Amino acid sequence: MNIEIINTGSELMLGFVLNTHQQWLCRQLSDAGYSVTRQIAIEDSGPAIQQAVRESLSRADFIIVTGGLGPTSDDITRDLIASLLGKRLHKNAAIAAKLEAFFAQRNRPMPANTLLQAMVPEDALILDNAHGTAPGLAMEVTPNPFRPDGKTSWLVMLPGPPRELKPMFATHALPLLQKHFPLESAYSCLTLRTTGIGESQVEDEISGLLQPLVDDGLIIGYCAHYGWVDVRLVARGHNAEQLVKEGEQMVRSKLHQYIYGTQDEQLHEVIVRLLTERKQTIVTAESCTGGFIANRLTDVSGASAVFLGGVVTYSNEAKQNLLGVKAETLATHGAVSEPVVREMAEGARKRLGADFAIATTGIAGPTGGTPTKPVGTVFIALATPSHTFVINPTNRYDRPTFKIITCQQALELLRRNLLHTSS
């Protein structure tokens, strides 16, 4: 079957907004066993939208259109698609009532054009929006006048904001796809997430071992991110689940120390879970990462049970006053050094009363490097109840990537310590 995605929005074409929909939707569909055959992004204009939808209807079985369902003047997707299909719009009383209630509950006046979102093409299915005002729409185009054989196509319209689109896709659009276009054969997919090892080394370690399973139909994919590498195992057919299970066992046998999670699990989520299970706490003392580690940890619901707090000590004075770093240590070794990061971690753990403390200091660049301490120099410390560990990677990246990878390395240092001490 053919699935196509059309992302609408002039802001996408001008580069003001990053188009994350195409990646996220393709990933969700792939995990469910479906492949996207085509995806495009177009501006908010009548000719562009109608032409793109007409072309997709001429060949695709399932079409997802994102954006253009709101109340403003550039939200014209609903109207244009209805016109293309010769469908009249009518006001849906239930949607109108929900819109009125939405504004009343917030004690805000409702702009008159808000009710445009209650206009629904005839015969369209309404997809409830639990996180916003614009409902999604689904239309069965049958017979399909744009396909030579008149074969039915389904067209789904989703709102543009990610916080609305993602739950609506999972709750309504994907089940609709699975109902009308069930997979022809069994499908299994698993992603193993690794960190502390490069993509090429991952492949070198496991490719030969997995070759017999590949010969039987297992598909292996590798994807490098900032600070971690995904190994994706996919199989179709009657033995799909068994192939993926055997593949997982083989990958774990070679890469067990590097694997921190599965599917979309993030390292900071793993850290919070491990600390919660152990009833232990963590604090952070950050310089070059600027609070990024603390930010990652507090992205996790329930982090308050394990994360006591953090300090960003960018200046030498802050390191001394807040963490107790000695002036002579700074003078002798410099702020970017093993002795300083050690004192930062130990000071944070003692002053905030935690089981563990992570500290970072480094030169993110692009300026500030020296011949002995070039840009990318990093020192990361983990203070535990019994010992302080320090690592000294070199992260020569742009400034934002430097912070991401340093954060990942710091959290991985903690993860390995937690697993080691719990064994």
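**Notebook: aromatic pairs, nonpolar cores and helix α4**

I searched the whole structure, which is a predicted model, for aromatic pairs and found 3 of them. I noted each pair I followed up by two values, since a pair of aromatic rings is described by the distance of the centres and the angle of the planes.

I looked up Phe62 and Phe181 and found an edge-to-face pair, with 6.2 Å from centre to centre and 80° between the planes. I then asked where the two partners lie: Phe62 belongs to strand β3 (residues 62–66), while Phe181 sits in the loop between α6 (162–180) and β9 (187–194), so the pair ties together parts that are 119 residues apart in sequence. Because buried means under 20% relative accessible area, I entered Phe62 as buried at 1% relative accessibility, and I entered Phe181 as buried too, with its relative accessible area of 16%.

I turned next to Phe102 and Phe103, which also form an edge-to-face pair, at 5.4 Å centre to centre and with 75° between the planes. Here I recorded Phe103 as buried, at 7% relative accessibility, whereas Phe102, at 21% relative accessibility, counts as partly exposed. I also checked the face of Phe102 for a charge, and I found that Arg106 lies over it, at 3.7 Å from the ring centre.

My next entry concerns nonpolar packing. The largest nonpolar core has 32 residues, and I listed those with the most contacts inside it as Leu275, Ile282, Leu297, Ile358, Leu411 and Leu414. When I asked which elements give two or more residues to this core, I obtained α9 (267–278), α10 (292–298), β15 (356–362), β16 (378–383) and α14 (399–422). The largest share comes from α14, which supplies 8 residues. I followed Leu411 individually and, leaving aside its neighbours within four places in sequence, I found it in contact with Leu267, His268, Ile271, Ile293, Leu297 and Ile358. I then noted a second, separate core of 27 residues, which includes Leu80, Leu84, Ala118 and Leu155.

Two of those names, Leu80 and Leu84, led me to helix α4 (residues 77–84), which I found to be mostly covered, with 6 of its 8 residues buried. Which residues of α4 are buried? I listed Thr77, Arg78, Leu80, Ile81, Ala82 and Leu84, so that Leu80 and Leu84 appear both among the buried residues of this helix and in the second core. As a last check I looked at what follows α4, and I recorded Gly86, whose phi is positive, near 70°.

Key:
Residues numbered from 1 in each chain as written. Predicted model: local features only at pLDDT ≥ 70, side-chain atom pairs only at ≥ 80, totals over all residues. Heavy atoms only, no water. Buried < 20%, exposed > 50% of the residue type's maximum accessible area, 1.4 Å probe, protein only. Helix = DSSP H or I, 4+ residues; strand = E, 2+ residues; numbered from the N terminus. Core = buried A, V, L, I, M, F, W, Y, C linked by side-chain atoms within 4.5 Å. Contact = heavy atoms within 4.5 Å. Phe/Tyr/Trp six-rings, centres within 6.5 Å; stacked < 30°, edge-to-face > 60°. Lys NZ or Arg CZ within 6 Å of the ring centre and 35° of its normal.
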